[in-house]
Amino acid sequence: MTTDFRTAVRLAVDDEARLRAALVESDIAPMLMVLVQLTGDMGILEEVAPHIQGPWNFLQTVPEPLKARVRDRLVAVLQDFAAHDRPAPPRPAPEVLQRMMSAGVGQPVPPEYIPLLLEEMSFGEEDTRAVHWQRDPASRPVDGFKVVVIGAGLGGLCAAIRLKQLGIPFEVLEKNADVGGTWLENSYPGCAVDTPNHFYSYSFHINNHWTRHFSRRDEILAYIREVVRAHDLRPHIRFGVEVTGAAYDEACADWQVSWRDGAGAAHSGRCNALITAVGQLNRPAIPPIEGLSRFRGPAFHTGHWDAGVDLKGKRVAMIGTGASGMQAGPSIVGDVGHLRIFQRTPHWAVNNRNYHLPVTPGHTWSLEHLPYYSNWLRFQQFWASSDGFHASLHVDPDWPQPAQSLNATNHQMREMIVDYVRGELGGDEALLAKCIPAYPPYGKRMLRDNHWYRMLRRENVTLETDPISHFTEDAIVMKDGTVHPVDVVIFATGFAASRMLWPLEIQGRDGHSIRADWGEDDPRAYLGMTAPAYPNLFMLYGPNTNLAHGGSIIFHSECQVRYIMQALRLMIEQGVESLEVRPEVHDAYNQRLDEKARGMVWTHPGVTSWYKNSRNRLTVTSPWRLLDYWGMTREFDPAQFVAHRAAGAPSSLPALPSPAPAATP
Ligand code: NA7
């Protein structure tokens, strides 16, 4: 809904037949919420509630006559609103909202989630995460201030939008020739998002026209380009320049950023604050398998897909069976002569009935025209794919089968998936044994089955689970000596995520450098964003901010960007030239984080992944619920930082806060 409420209602009832046709194709849960919001009728809510057994539409069992009643009531109510030109009803009271939310997803929604959910749904179209100035324009000299953002992916663009809204001068440096980050770079067949799209989008730039519930890469890239167009960001982005490093100049309290242009020439420039938004999944990890350089055929990584290579009829080897492999394999199998998949460890994958479905025209119509429908769908999708499973990812110390699962709920999940996979594999127990992981579900990010298991049953597919020894000019040789001749090799082997910010050389004050402080694989930061000895440096998608239990990385970015904008606001409004997290705050946070991670699935024995380092410390992924992280990043607390004013700052400025003890989440 982009028009005001009264106009939207009038337009919605303008053509009753069209309205009715749309409602037939719409999701009953958000539709019911619209009806309850417009009428306050909790009776109909309670009548339908028992038939909503989960947050996904395929978990609803609402009988058709009851659905028809909801639709009829909604049409009548909308017509009544239009006929009397009624204004939007007041937002329901918190306890009513909580009941509505719980009924809408068929699960109790705890009251602590309500503020977060209202912010995420952004009723009334307001931009709920925007940061506003607190002092009048004369007291905030933005002119001499400059921010550099590294990267024009979803995180960097979010920062750019907020900087632009605040009027803070900034520049985005992007190594690629276009925006989009990981969505630009990954173009392999089948590349798609595995978080539902009406949630996987900026809360302040809703798209009601996704053609699928889980869209393909091209559509997501088009969305990103549209956001950039709408916010007129291109003039602020310098493309084709690769930042090589940045050094903090303590005397000037600013950063000297170095970059290379497309011709390889070195440049540098200064900024007061530096925001890294370089992503975690863009430095392909190609395994050091002996003899690769001897292989004569095409060999490329999913992140650098070579569309010029014709796979038709070829013997294709695909190494790796993670998220990218799961999407790419079934998408090319119809073309290739033979697909030989080299699996090191199987992944858990669930079936989601919406994964391959297009969005129906009626559903799209309701998203666009039915007041509040889009807000309620976003809530539903947020709930379906966020903290729901978090509690079940904690290890029950008394659980008798720790190698298989963590606790009773996790075990139930395991059984459900095993049953599903068995069905998909047509009861082939030998193949099933190869496909079921020897670690608990959620040990790695849960994948969505992209017809992977059915693909494995095809005549032209072989699943290899023995280790690879080496490449020859035209084959892969296994450790047992078996030779598999192949024409093309595809590496679906993931990214060098744990070497965070690599290969950037970031030098802080007093001789500190990120590479030395973090070593090969031990990044740590306060809230994943700031670190002592690196004043005025803010990281997006930094240490421990990857999401593996659910959620959308866009949500995390929005939380981080709000926090960073509040920090910059403090700097500008209070004449602060350097802002640096207190070491004790940073250390206490990381200690809490380590403790939290210790009892969770990702550090469980037998679970290997890029989420943690060689010492079993979780470094990449967040152990927190989305709710916890949202709460921790909602208000920037200056007392957690050491702030220095510029010499000559006006004496009229308020005193800077003194340190407070580290907060607990
Ligand atoms: P992932 O999820 O890291 O998957 C990489 C896959 O490659 C995984 O199956 C690995 O097996 C396998 N791999 C890695 N190194 C090797 C070697 N040396 N030999 C054989 N197999 C290997 O990367 P994706 O690109 O699929 O997905 C990245 C993220 O993108 C994903 O989490 C989503 O958030 C989107 P392993 O499991 O390590 O044994």
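The centres of domain 1 and domain 2 lie 34 Å apart, taken over C-alpha atoms. The domain bounds come from an automatic or database domain assignment. Residues from domain 1 and domain 2 meet in a contact, 23 from the former and 28 from the latter; contact means heavy atoms within 4.5 Å. This is a predicted model, in which local features need pLDDT of at least 70 and side-chain atom pairs count only at pLDDT 80 or more, while totals for chains, interfaces and linings use all residues. Residues are numbered from 1 along each chain as its sequence is written, and side-chain values use heavy atoms, with hydrogens and water left out.

The assignment splits the chain into discontinuous pieces. Domain 1 takes 5–129 + 361–387. Domain 2 takes 142–283 + 497–645. Domain 3 takes 292–348 + 404–437 + 441–491.

Now the interface of domain 1 and domain 2. The two bury about 2300 Å² between them, with 52% of it on carbon and sulfur atoms. Buried area is the accessible area (1.4 Å probe) that two parts lose on being put together, summed over both. On the domain 1 side, Arg 129, Arg 378 and Gln 381 supply 29% of the area buried against domain 2, more than any other three residues.

Charge pairing also spans this interface. Side chains of opposite charge can pair when their charged atoms come close. The rule finds 4 salt bridges across the interface of domain 1 and domain 2; each needs a side-chain nitrogen of Lys or Arg within 4 Å of a carboxyl oxygen of Asp or Glu. Arg 129 also forms a salt bridge with Glu 558, at 2.5 Å from N to O. Between the two domains, 19 residue pairs are in polar contact, both residues at pLDDT 80 or more. A polar contact is a pair of N or O atoms within 3.5 Å; within protein, one must be able to donate a hydrogen and the other to accept it, and residues adjacent in sequence count only if both atoms are side-chain atoms.

Which elements give two or more residues to the side of domain 1 that touches domain 2? They are α7 (114–121), α12 (361–369) and α13 (373–384). Of these, α13 gives the most, with 5 residues. Helices (H or I, at least four residues) and strands (E, at least two) are DSSP runs, numbered from the N terminus.

The whole structure holds 43 salt bridges. One of them joins Glu 112 and Arg 625, at 3.4 Å from N to O. Glu 112 lies in the loop between α6 (94–105) and α7, and Arg 625 in the loop between α19 (583–598) and α20 (626–633), so the pair ties together parts that are 513 residues apart in sequence.

Turn to the ligand. Of the 18 residues around it, Ala 323, Ser 324, Thr 345, Lys 444 and Trp 610 come nearest; a residue counts as near if one of its heavy atoms lies within 4 Å. A polar side-chain atom of Ser 324 is 2.6 Å from a ligand oxygen atom. For Trp 610, the corresponding distance is 2.8 Å. An N or O atom in the side chain of His 347 lies 3.4 Å from an oxygen atom of the ligand.

Two backbone details remain. The peptide bond from Trp 502 to Pro 503 is cis, with omega near 5°. Pro 503 sits in the loop between β17 (488–491) and β18 (505–507). Leu 527 has a positive phi of about 60° although it is not a glycine. Leu 527 is in the loop between α17 (514–518) and β19 (537–539).
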